[in-house]
Amino acid sequence: MARRRKIRSSISIPITLGAITVLLSLALLVGWSFLLGQKIARSAEIAGDVWLLVLGALSFVLIIVVLVLFVISLARGIIEVRKQDTFIDSVTHELKSPLASLQLCLETLGRQGLEDDAREKLRHMMLQDVDRLRAFIDDVLEANRLSYARPGMLNLSDVPLSELAEECAEAVRSRHELEPDEIRVYVDPELLVTTDRAALEIVVNNLIDNAAKYSERPARVQITARRESNNRVLIEVSDAGIGIEQKDLKRVFHRFYRVEDQEVRQRRGTGLGLFVVWALVKQLGGDVQALSKGRGQGTTMRVELPMAHAVSG
Ligand SMILES: Nc1ncnc2c1ncn2[C@@H]1O[C@H](COP(=O)(O)OP(=O)(O)OP(=O)(O)O)[C@@H](O)[C@H]1O
Ligand SMILES: [Mg+2]
C-alpha cells in the first residue's frame with residue numbers, strides 16, 4: 001500500500017509540474033501577443049514587423065506542444081514502471097511459494113517411517129507445485145517471445161477442437177483439484193480448425209484456468225465451440241464466478257493488469273495470462289472479448305478464429 005501511494009505521488013509530481021509549465025507558457029504567450037498587438041496597432045513604425053510576432057507565437061506553440069508530449073511520455077514511462085513493479089512482486093511470490101512448498105515436502109519425505117499414503121500425498125503436492133511453476137514460466141516466456149514475434153511464424157495443422165478442449169480441461173481439473181463435471185466441454189468432435197495447435201492450446205488453457213480460478217467451488221465452467229456462417233469458429237469459455245465489472249472488460253487484456261479487488265488479489269496470478277491470450281489470438285487472425293454483467297455475475301470469454309488461418313509471409 002505504502003509503495004502504491006509512493007508511486008502515485010511520483011506520477012502526480014511530474015504531471016503537476018508539467019501542467020503548471022504549460023499553463024505559464026500559455027499565459028506568457030497570450031499576454032505577450034496581446035501587448036505586442038496593441039503596440040503594433042498604435043505604432044505604424046513596427047507594423048512592418050508583424051512577421052516577428054507570428055514567428056514568436058509559432059515558436060511558443062511549438063514549445064508548448066513539445067512540453068505536452070514530454071509530460072505524456074513521462075507519465076506513460078512511470079505507469080510502465082509501476083506495472084513492472086507489480087509484476088516483480090507477483091513473480092517473486094509465484095516463484096517463492098511453490099519453492100517453499102517443495103522444500104517442505106522434500107524435508108517431510110526425508111523423515112523416517114512415513115506411511116505410503118502420506119508419501120503419495122506429498123508426491124502429488126510436489127507434482128502440483130512443479131506444474132504451477134511450469135505454467136508460470138511458460139506464460140512469462142511466451143509473453144516475452146510475443147513482444148518480438150512476427151506474423152508468419154505459425155505452425156499450421158488441422159486441430160480437432162473437442163480433443164484440444166478436453167485436454168486443457170483435464171489439465172485445469174487436476175491443477176485446481178476439480179470434479180469432472182465442474183468443467184464441461186460441449187464441442188462437436190468433428191469440428192476441425194486449421195491453426196497453430198500450440199498457440200491455441202495456450203489460449204484455451206489460460207481461459208479455462210481463469211474460469212476455474214475466479215469461481216467458487218463447485219465451479220460451473222462450460223466450453224462450447226461452433227462454426228459461424230462467415231467461415232469462422234466461435235469458442236466460448238463461460239463460468240458462474242466472480243465476474244468482471246464493465247470498466248475492466250477491456251483492461252483485463254493489458255499486460256500485468258489484475259482487477260483491484262479483494263476476491264482477485266487473494267488468488268495467485270501475475271496478470272500475464274490474458275495478455276498472452278490476446279496476442280496469440282491476434283496472431284492466429286482472430287479476436288477475443290470478455291463479456292460479463294458485472295461482479296458476481298460470471299464471465300464469458302469469447303474467441304473468434306478463422307476456420308483456416310491464411311498462410312502469410
Ligand atoms: N473468468 C474470469 N472471471 C473473473 N475475472 C477474471 C476472469 N478472467 C480474468 N479475470 C480478471 O482479469 C485479470 C487478468 O487475467 P490474467 O489471466 O491475465 O491474469 P491472472 O489470472 O491474474 O494471472 P496469470 O498470469 O497467472 O493468469 C485477472 O487478474 C482477473 O482480475
Ligand atoms: Mg490467468
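Helices and strands here are DSSP runs: a helix (H or I) needs at least four residues, a strand (E) at least two, and both are numbered from the N terminus. The model is predicted.

## Overall build

The protein has seven helices and seven strands. Their order from the N terminus is α-α-α-β-α-β-β-α-β-β-α-α-β-β. So the chain opens with three α elements in a row and closes with two β elements.

How does the radius of gyration compare with that of a compact globule? For 313 residues, a compact globule would come near 20 Å, but the protein has 28 Å. The C-alpha trace spans about 105 × 55 × 40 Å along its principal axes.

## Surface, contacts and charge

Of the 313 residues, 40% are buried. About 18900 Å² of the protein is exposed, and carbon and sulfur atoms supply 59% of that area.

Take the contacts between residues at least 6 apart in sequence. Of these, 73% join residues at least 24 apart. The protein carries 41 positive and 41 negative charges, and the mean positions of the two sets are 8 Å apart.

## Helix α4 and the loop after it

Helix α4 covers residues 161–176, and E170 lies in it. Is E170 buried, partly exposed or exposed? E170 counts as partly exposed, because its relative accessibility is 45% and that category runs between 20% and 50%. Its side chain makes a polar contact of 2.8 Å with the side chain of R173. Now compare E170 with G269. The two are 99 residues apart in sequence, and their C-alpha atoms are 20 Å apart in space.

E177 sits in the loop between α4 and β2 (183–187). Its phi is positive, about 50°, although E177 is not a glycine. With a relative accessible area of 53%, E177 is exposed, because the cut-off for that label is over 50%.

## From α5 to the loop after β5

Between α5 (197–213) and β4 (221–227) runs a loop that holds P218. The peptide bond joining R217 and P218 is cis, with omega at about -15°.

The next loop, between β4 and β5 (232–239), holds N231. What is the sign of phi at N231? Phi is positive there, near 60°, and N231 is a residue other than glycine. N231 is partly exposed, with a relative accessible area of 45%.

A240 lies in the loop between β5 and α6 (262–265). A240 is partly exposed, at 39% relative accessibility. Leave aside the neighbours within four places in sequence, and A240 is in contact with S215, R220 and G298. A240 and R265 are 25 residues apart along the chain, and their C-alpha atoms are separated by 18 Å.

## A buried arginine

R267 lies in the loop between α6 and α7. Its relative accessibility is 13%. That makes R267 buried, because the label applies under 20%.

Which residues does R267 touch? Not counting residues up to four places away in sequence, they are K213, Y214, S215, E216, I242 and R258. The side chain of R267 also reaches backbone oxygens. The oxygen of K213 is at 2.5 Å, and the oxygen of E263 is at 2.6 Å. V50 is another matter: R267 and V50 are 217 residues apart in sequence and 66 Å apart in space, C-alpha to C-alpha.

## Helix α7 and strand β7

Helix α7 (residues 273–283) is mostly covered. How many of its eleven residues are buried? The count is eight. They are G273, L274, F275, V276, V277, A279, L280 and V281. Just after α7 comes G285, which takes a positive phi of about 80°.

Strand β7 spans residues 299–306 and includes T300. T300 counts as buried, at 18% relative accessibility. Beyond residues up to four places away in sequence, T300 touches E236, V237, S238, Q289, A290 and L291.

Conventions
Residues numbered from 1 in each chain as written. Chains lettered and ligands numbered in written order. Predicted model: local features only at pLDDT ≥ 70, side-chain atom pairs only at ≥ 80, totals over all residues. Heavy atoms only, no water. Rg over C-alpha atoms; globule rule 2.2 N^0.38 Å. Buried < 20%, exposed > 50% of the residue type's maximum accessible area, 1.4 Å probe, protein only. Contact = heavy atoms within 4.5 Å. Areas by Shrake-Rupley, 256 points an atom, 1.4 Å probe, with all protein chains shown as cover. Lys, Arg positive; Asp, Glu negative; His and termini not counted. Charge placed at Lys NZ, Arg CZ, Asp CG, Glu CD. Polar contact = N/O pair within 3.5 Å; in protein donor to acceptor, adjacent residues only side chain to side chain.
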